[in-house]
Every structure is written in structure tokens, then in C-alpha cells.
Amino acid sequence: MRRDTVPRRRPHPAGASATTTAPDRVWYAAYGSNLCAERLACYLRGGRPPGGARTYPGCRDGRPPERAEPVMLPGLVYFALESAVWGGGTAFYDAAGVGEVPARAYLLSAGQFGDIAAQEMHREPGADLPLAGALSGGRERLGPGRYETLVCPGSLDGVPVLTFTAPGGLPEADLRPPRAAYLRTIAAGLVQAHGWSLRRAADYLGSRPGATARWSAATLLRALEDPAGDG
């Protein structure tokens, strides 16, 4: 199969087959740096990603995902605020935005998903998340933090798809361009999961709100091809 033509799945609309009871397993839909399997492994097993400034403790259950699927989510990704791990803006998902978001769905235990969310918020893993509100309503704000709002865009194979993002969407965002190391990690995940070329990844990432203040497709492609540069 030619690259750039990897079959991509779209979640069934929320309520079509997803349960509202506490699930044992969920699909975690990663749309930022966790698109990259090696980056996700730092959350699961513990460790520090290349170019990152933080070492993660890992999940209570450090096993790899049961499965991984390339998916397309409704909405858009934008870059905002300041990442303590990478510097520069960090990726957020606006489910109400116009377009589609290339993501990677990992089949995990509900406990692993909760531990990943905790580490995203610089907390120690160890507590499961309450998922009922997001599963029944499609969205629930659990706290004020940048990744404390759960979104459920639907289900795959009867298992709910979940991700986390900021409480506000693009209209409320403090946009900020991301750094090259962060974008390289996202691009690596797009290549892995969706079979994209670096040029296609640069076209996509460089056109996201927040990124356009610093990056064009051409300058970003050069940065993606140069692992030593910071853009």
C-alpha cells in the first residue's frame, strides 16, 4: 500500500455504540506528541522523550497498548500557552472546529488513560478518572487545567474514544507557536500512524492556528529534516 493512503477510521457518533457505564478499556485518541509511539511509551513505562525537559513516572500498568489505529476526529488542532516540557505552544483539540484531525487511537485500560491524563497535568498517577459525564454528554470539564476537559467523539468497535484538551476552544485560546522539537515528535507520529510524508506533515502542522505565527510549510519542513536545529 502506498504511503499517504493508510486506511483511517472515524469514530461512530457518540451514543451510537459507546457505553455510558464505567468501561474497562477505552481508546485514547492522541492528536499531539503522543501520536508518536515512543513518546507515549514515556507515559506508560516512564522516561524522558528526546528533546523534552521532563522525566515521567509512568503508569501503574506500564504495558503497551493492546492495539493502535489511525483515526480522523471531527474538529481542529491549535497551538497555545507554553509547554513546560518542550517550550513554545502546545497542541489542543477543539471538537467544535471546522475540519478533521489526524489522530492515533490507542486501546488502553481505563486506569492507563487516567494515569496518562494525570501526568499531562504534572500530577502523580494513581487514580482513575470519572468518565460517565464525558461518555453521556460527549464532553466534561473535570478541572481548570489545560488538559482536564474530557472529550468523547464517539466509539470504535463499541469501545469509547476519549481524549483531553483545554476547557476553552480556539476562540478563547492564547495562541503561541510550538518549538521544532515538539513538532518533530508530532510529525514522527503522523508518519508512523498515517503514513504521511514529512512534507505533508509540515503542510498540516505549519497551517495550524498558533503555528502560522512562526512557521511556514517550507521552514517547518527544513526543521523537521534537521534534528539538530530548533527552527
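**Entry 1: strand 1 and strand 5.** I began with the pairing of strand 1 and strand 5, residues 100–109, and I found that the two run antiparallel and are joined by 6 bridges. For a single pair of residues I looked up Ala30, which stands opposite Arg104 in strand 5. I note here that I am reading a predicted model.

**Entry 2: the other neighbour of strand 1.** I then turned to strand 8, residues 159–165, which runs parallel to strand 1 and is joined to it by 2 bridges. The residue I followed here was Trp27, whose bridge partner in strand 8 is Val161. I reminded myself that strands of a sheet pair through backbone hydrogen bonds, either parallel or antiparallel.

**Entry 3: how covered is strand 1?** I asked how many of the residues of strand 1 are buried. Strand 1 spans residues 25–30, and 5 of its 6 residues are buried, so taking buried to mean under 20% relative accessible area, I wrote the strand down as mostly covered.

**Entry 4: strand 8 and strand 7.** Following strand 8 further, I found that it pairs with strand 7, residues 149–156, in the antiparallel sense over 6 bridges. Val161 came up again in this pairing, as the bridge partner of Gly154.

**Entry 5: the whole sheet.** I put the strands in order and obtained 2-5-1-8-7-6, an open sheet of 6 strands with mixed pairing. Why do strand 2 and strand 6 each have one side without a neighbour in the sheet? Strand 2 (68–74) and strand 6 (139–141) stand at the edges, and each has a single partner strand, so one side of each is left without a neighbour in the sheet. Neighbouring strands of this sheet are turned by 35° against each other on average, with direction ignored.

**Entry 6: a helix across the sheet.** I looked next at helix 2, residues 110–120, which lies across strand 1, strand 5, strand 7 and strand 8, and which runs at about 120° to strand 5.

**Entry 7: the largest pocket.** Last, I looked up the largest pocket, which holds about 320 Å³ of space. Its lining is made of 27 residues, and those nearest the centre are Tyr43, Thr90, Glu120, Tyr147 and Tyr182. By class I noted 14 nonpolar, 8 polar and 5 charged residues in this lining. Which elements supply at least two residues each to the lining? They are strand 1, helix 1 (37–45), strand 4 (90–94), helix 2 and strand 8. The largest share, 3 residues, comes from strand 1, the strand with which I began.

Terms used. Residues numbered from 1 in each chain as written. Predicted model: local features only at pLDDT ≥ 70, side-chain atom pairs only at ≥ 80, totals over all residues. Heavy atoms only, no water. Buried < 20%, exposed > 50% of the residue type's maximum accessible area, 1.4 Å probe, protein only. Helix = DSSP H or I, 4+ residues; strand = E, 2+ residues; numbered from the N terminus. Pairing = 2+ DSSP bridges. Axes fitted to C-alpha atoms, helices over the stretch in contact; angles between N-to-C directions. Contact = heavy atoms within 4.5 Å. 1 Å grid on protein atoms, 1.4 Å probe; cavity = no way out; pocket = protein on both sides within 12 Å on 5 of 7 lines; lining within 4 Å. Points joined across faces, edges and corners; volume = space filled by probe spheres on them. Nonpolar A, V, L, I, M, F, W, Y, C, P; charged D, E, K, R; others polar.
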